[in-house]
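I opened this notebook to keep track of what I looked up in one protein model, entry by entry. My interest was in burial, packing and side-chain contacts.

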Amino acid sequence: MKAILVNDDRSLRWDTVPDPVVGAEDCLVKIEAAALNRADLMQREGDYPPPPGCPEWMGLEIAGTIVEVGAEAAKKSRWQVGDKVCALLGGGGYAEYANVKYDMLMPIPEGCSMVEAAAMPEAFATAYLNLFLEGGLKAGDTLLMNAGASGLASVVIPMAKAFGARVITTVLSDEIAASIRHLNADVVVNTTKEDIVEVLKQQLDEGHPVDVAIDCLGGEVMGKCVHYLKHGARWIMIAALAGQMTQIDLKNIYVRNVRIIGSTLRSRTPAVKAQILAELVEKVWPKVESGEVRPTIYKVLPITEAEAAHDILYRGENVGKVVLTVG
């Protein structure tokens with residue numbers, strides 16, 4: 001089969017690799033679409049190696065059709081040849097086929113295309129993990145989701161809204177604010193015009209403090225923001241694109257009982273990931289099928305144009321997910 005490999009100069013090529021060998025608990029999926037994530041860029045740069053046992057090529061989420069079912073997978077699951085599925089991978093999605101352990105597969109929600117389905121497993125699992133398992137979000141809470149135009153925010157915001165939360169998000173321009181209007185965030189802060197720290201202070205003073213924050217930016221502003229959260233709030237760090245260093249008033253943290261939580265999906269055990277996927281199918285897929293939560297697709301390109309797709313993420317121009325089609 002073919003897969004996207006990284007050359008010594010970090011450029012990409014579509015080249016031949018060995019066919020997957022289906023394990024007893026695996027299902028072989030013929031990939032029809034694979035979505036991009038910022039972790040793919042990190043892996044390409046050599047900063048985010050795949051877990052042991054995963055293929056060397058990138059790709060954390062796919063959609064396609066099952067073409068083979070291992071003996072134990074057939075006993076332990078309901079999967080059959082011909083089922084349309086999406087999957088969360090440790091790596092290996094930029095390819096024609098992928099071996100997937102049976103409990104890392106999910107049915108494609110009714111009414112979703114293969115492109116939409118490919119854009120869901122990593123982003124939806126990350127959103128669910130941080131909103132509910134780490135953040136403990138509940139109806140009536142206020143969520144701060146930084147970087148409202150990101151692929152993750154395009155899932156986090158409608159998912160939080162679907163479960164009854166109020167959402168504040170940040171953008172860098174009025175044009176970007178207009179482009180995410182369909183996500184229905186309650187407060188959209190253009191940080192080139194407004195100071196998010198002052199906005200959070202005002203929210204606190206007006207009785208609408210942030211209960212949960214999901215932050216992929218970090219940097220200097222993070223340490224200033226945590227002073228103006230609700231007592232017992234959770235600030236969840238998932239990346240530090242704006243800088244890895246900040247200053248925090250530690251007294252404020254313990255007086256206000258604020259928790260700062262570091263979180264990545266990729267580092268979770270297979271058992272935890274399987275639990276998250278099962279809960280997604282049970283609790284979130286009905287909201288996907290009803291239209292309350294859907295992925296936002298920015299652009300679709302053939303997998304042979306993976307380098308151009310990566311460039312979209314490098315430039316930060318995407319509002320929502322970029323997806324590669326295979327075949």
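The entries below go through helices, aromatic rings, cores and two single residues.

**Entry 1: the model.** I note at the outset that this is a predicted model, and I read every value below as computed from it.

**Entry 2: helix 4.** I began with helix 4, residues 121-134, and looked up how much of it is covered. Twelve of its 14 residues are buried, so I wrote it down as mostly covered. The buried set includes Pro121, Glu122, Ala123 and Phe124, and it also holds Asn130, Leu131 and Phe132. After the helix comes Gly136, and I recorded that its phi is positive, near 60°.

**Entry 3: aromatic rings.** How many aromatic pairs does the structure hold? I found three. For Tyr128 and Phe132, the ring centres are 5.1 Å apart and the planes stand at 50°, so I logged this pair as tilted. These two residues are four apart in helix 4, which puts about one helical turn between them. In general, an α-helix has 3.6 residues a turn, so residues three or four places apart point the same way. Tyr128 is buried, with a relative accessible area of 4%, and Phe132 also counts as buried, at 17% relative accessibility.

I then followed Phe132 to its pair with Phe163, where the centres are 5.0 Å apart and the angle between the planes is 65°, an edge-to-face arrangement. This pair links distant parts of the chain, since Phe132 belongs to helix 4 while Phe163 sits in the loop between helix 5 (153-162) and strand 9, with their positions 31 residues apart. Is Phe163 buried or partly exposed? Its relative accessible area is 24%, and because the cut-off for buried is under 20%, I entered Phe163 as partly exposed. Tyr128, Phe132 and Phe163 together make up one aromatic cluster.

**Entry 4: charges over rings.** The ring of Phe163 also has the charged end of Lys287 over it, 4.8 Å from the ring centre. I found another such arrangement at Trp79, where the charged end of Arg78 sits over the ring, 4.8 Å from its centre.

**Entry 5: nonpolar cores.** Which residues touch the most other members of the largest nonpolar core? Of its 86 residues, I found these to be Phe124, Leu143 and Met159. Helix 4 gives the largest share of this core, eight residues. I listed the contacts of Phe124, leaving aside neighbours within four places in sequence, and obtained Val155, Met159, Leu280, Val284, Trp285, Val288, Val293 and Pro295. Another core, of 19 residues, lies apart from the largest one, and I noted Val197, Cys225, Ala233 and Ile253 among its members.

**Entry 6: helix 7.** Val197 took me to helix 7 (residues 196-205), where Ile196, Val197, Val199, Leu200 and Gln203 are buried. Looking down the helix axis, I saw that these buried residues fall within an arc of 160°, so they line one face of helix 7. What do they pack against? I recorded strand 8 (142-145), strand 9 (166-171), strand 10 (187-190), strand 11 (210-215) and helix 8 (220-225). At the start of the helix, a side-chain oxygen of Asp195 comes to within 2.9 Å of the backbone nitrogen of Val197. Gly207 follows helix 7, with a positive phi, near 85°.

**Entry 7: Asp211.** I next looked up Asp211, which lies in strand 11 and is buried, at a relative accessible area of 7%. Its side chain makes a polar contact with the side chain of Lys230, at 3.3 Å. Not counting residues up to four places away in sequence, I found that Asp211 touches Asp141, Thr142, Lys230, Ala233 and Arg234.

**Entry 8: Ala3.** My last check was on Ala3 in strand 1 (residues 2-6), which counts as buried at 0% relative accessibility. Ala3 and Thr16 are 13 residues apart in sequence, and I noted a C-alpha to C-alpha distance of 6.4 Å. With neighbours within four places in sequence left aside, the contacts of Ala3 are Arg13, Trp14, Asp15, Val17, Trp57, Tyr94 and Ala95.

Key:
Residues numbered from 1 in each chain as written. Predicted model: local features only at pLDDT ≥ 70, side-chain atom pairs only at ≥ 80, totals over all residues. Heavy atoms only, no water. Buried < 20%, exposed > 50% of the residue type's maximum accessible area, 1.4 Å probe, protein only. Arc of directions from axis to C-beta. Contact = heavy atoms within 4.5 Å. Polar contact = N/O pair within 3.5 Å; in protein donor to acceptor, adjacent residues only side chain to side chain. Phe/Tyr/Trp six-rings, centres within 6.5 Å; stacked < 30°, edge-to-face > 60°. Lys NZ or Arg CZ within 6 Å of the ring centre and 35° of its normal. Core = buried A, V, L, I, M, F, W, Y, C linked by side-chain atoms within 4.5 Å.
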